[in-house]
Amino acid sequence: MKVDLAIVNAQVFNTFSKRFEKKNVFIVKDKFYYITADEIDNCQAAEVVDAKNQYLIPGLMDIHMHIESSMTSPSIFSEAVLTHGVTTVIADAHEIANVFGMEGLEAFFSQPSAMDIFYAIPSSVPSTTPELETTGGFIGVEEVKQLLEHPKVMALGEAMNFNGIVNEPDSLIRQILRAVQAERPLMPLEGHVPRVSGLELSMFLYAGITADHTHQSPESIYEKITNGMFLEFQKKSITTENMRVIVENDFYEYMAIITDDVMADDLLEGHLDANVRLAILSGMPAEKAIYCATYTPARRMGFQDRGAIVPGFKADFLLLNDVESFEIGAVYKDGKLVYTQGDGIKYPAAKPNFPEHFYHSLHCRALTTEDLRFKVKVSEKAVVNVIKISEVGTFTEHVQQEVRVADGFLDWESSGLALIVVMERYGKTGGIAYGFVDKALYEKGAVATTWAHDHHNLMVMGTSLEDIIAAQKQLLDMQGGYVVVQGGDVQAVCPLPVGGIISDAPIQELGAQLMEVRQAMSRLGYRNSNEIMSFSTLSLPVSPVIKITDKGMMNVRSHMMIPLIEGEQL
């Protein structure tokens, strides 16, 4: 028997018994050929690796994630996540699509990658409607039909428009769902279903959506799974109480471990492997956690060639030094060694290639002092509507607060609130929207970004008029990214010059810049388990309960607009 690679004396994970067994694994070209406990006397192997009782498991598969959340390109991302044992991803590239439409998707699709990157069709470009948010790109029914023909497309990306799915039979998202069901009836339809239960959950399922990746509770897990919904667990849902529901009800077949979003600085420390470790620490047996990060995601997406160590499947696998700690000793892709413990993250052989105009995509004017002064009719105090953030997660509350009026203008700088401004940046309308945020910044300063989900307009928030203007200017000068300003001085920057959402710098450099931004935000008093995502999703009009776009503040469920000053329109 001639083979290209033999891994001997390994504890091999059997997907179907969910147990480890001491075996030898033989690989021909890029596929598993033979797995056996027997010695093969006449085996001629071009290379033999003695695993010395290391644990051999399939390569990890992340079926719900966004490369743009790591603020990098597919090529750079691929090299980074391979070091964490991830060999296949399904990427929903709706961020680059919101900025550049089909051109942005093609720029992603065409990039070379060391790992296997497949794609989900962005179903939410925009996440709501053009009347509620302005985007650079648009994905409609015709674009979806074109993408259905692409060989890298495996699923429909998360459907997010709650109102359109539940209350509007002829909405764009419902049209997209019907088109996919007609053209590709077996294609998985991914959903964004936060805090939805009862009849409304049934409406989502009736529309064809069969998966959810949002923040779960023990109650939502039981209700959704027993109603036939497949659940994808990102970090914030991997808790002891949630894993207990999975374990006690033997729900492993109906779930997968995913990432959704991993910031560039966090990517230096871990990716899907970190969430597998967390699941084990939270009470899920290690063998079941491996199963839910390899085989159930492969089955969910319809793969017939990966997710298990069996003959004919792709030879994507990891050698673990220890199962419980999930310590990765080596990573193999297509039967080739691509990472050994201790190796650094490689930069792609060629710099990621994007069209030149992707680097010049901010088309809005500089803010002025007059833009940030609000004349009101009342003489002493005005009631303003406020977005209240929480210290964990991205959900918000709608509250109201009285703000002093001085000389006919709102004295917001002394109110304890932060002013948030969203500017249309694609050169289409020039619109500006305003809001107030509570529990955001406790010091004088400002934070600005173009990485504002999902429309990625320019967003700046601050407690000082001068700092807001300085932060917005810096953002325009560097053509997008993240900026923190205090006392007129720039404290931290993370340039994202590709469409205002992506860097082509090495991931180590990008991660260090983002960490500096995170630390500078913390010094201003921003308190959240993920400062970057918390701020960036204040502009996401499908995430409960109140958010802001370039059109204004709105109730996420009803899509009713909320004025800055109660009873007055600016």
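Reader: Which residues does UniProt list for "domain: Amidohydrolase-related"?

Author: In an unreviewed entry, UniProt lists residues 55-338 under that name. The model before us is predicted. Over residues 55-338 the chain is 37% helix and 20% strand, and the C-alpha atoms at the two ends are 17 Å apart.

Reader: How should I read a single helix, and what span does α13 reach from its first C-alpha to its last?

Author: One compares the span of a helix with the value expected at 1.5 Å a residue. Helix α13, residues 465-477, has 13 residues and reaches 19 Å, close to the expected 18 Å.

Reader: Which residues of α13 are buried?

Author: The general idea comes from the helical repeat. An α-helix has 3.6 residues a turn, so residues three or four places apart point the same way. In α13 the buried residues are Leu465, Asp467, Ile468, Ala471, Gln472, Leu475 and Leu476.

Reader: Against which strands do the buried residues of α13 pack?

Author: They pack against β22 (418-423), β24, β25 and β26 (481-486).

Reader: What value does phi take at Gln479, just after α13?

Author: Gln479 takes a positive phi of about 60° there.

Reader: Which loop holds Lys18, and is that residue buried or exposed?

Author: For such a residue one reads the backbone angle, the place in the chain and the accessibility together. Phi of Lys18 is near 55°, a positive value in a residue other than glycine. Lys18 is found in the loop between β2 (5-14) and β3 (19-28). Lys18 counts as buried because its relative accessibility is 19%, and the cut-off for buried is under 20%.

Reader: What is the relative accessible area of Asn53?

Author: Asn53 has a relative accessible area of 38%, so this residue is classed as partly exposed. Its phi is positive, about 70°, although Asn53 is not a glycine. The residue lies in the loop between β6 (48-50) and β7 (55-58).

Reader: I should also like to read the peptide bonds. Is the bond from Val125 to Pro126 cis or trans?

Author: Here the angle to read is omega. The peptide bond from Val125 to Pro126 is cis, with omega near 5°. Pro126 belongs to the loop between β10 (116-121) and α3 (141-147).

Reader: What is omega for the peptide bond from His453 to Asp454, and where does Asp454 lie?

Author: That bond, from His453 to Asp454, has omega near -15° and is cis. Asp454 lies in the loop between β24 (446-449) and β25 (458-462). Both of these strands are also among those against which the buried residues of α13 pack.

Conventions. Residues are numbered from 1 along each chain as its sequence is written. This is a predicted model: local features need pLDDT of at least 70, side-chain atom pairs count only at pLDDT 80 or more; totals for chains, interfaces and linings use all residues. Side-chain values use heavy atoms; hydrogens and water are left out. Helices (H or I, at least four residues) and strands (E, at least two) are DSSP runs, numbered from the N terminus. Buried means under 20% relative accessible area, exposed over 50%, partly exposed in between (1.4 Å probe, protein chains only). UniProt positions are given in the numbering used here, feature names are shortened, and annotations may be inferred rather than shown by experiment. The expected span of a helix is 1.5 Å times one less than its number of residues. Contact means heavy atoms within 4.5 Å.
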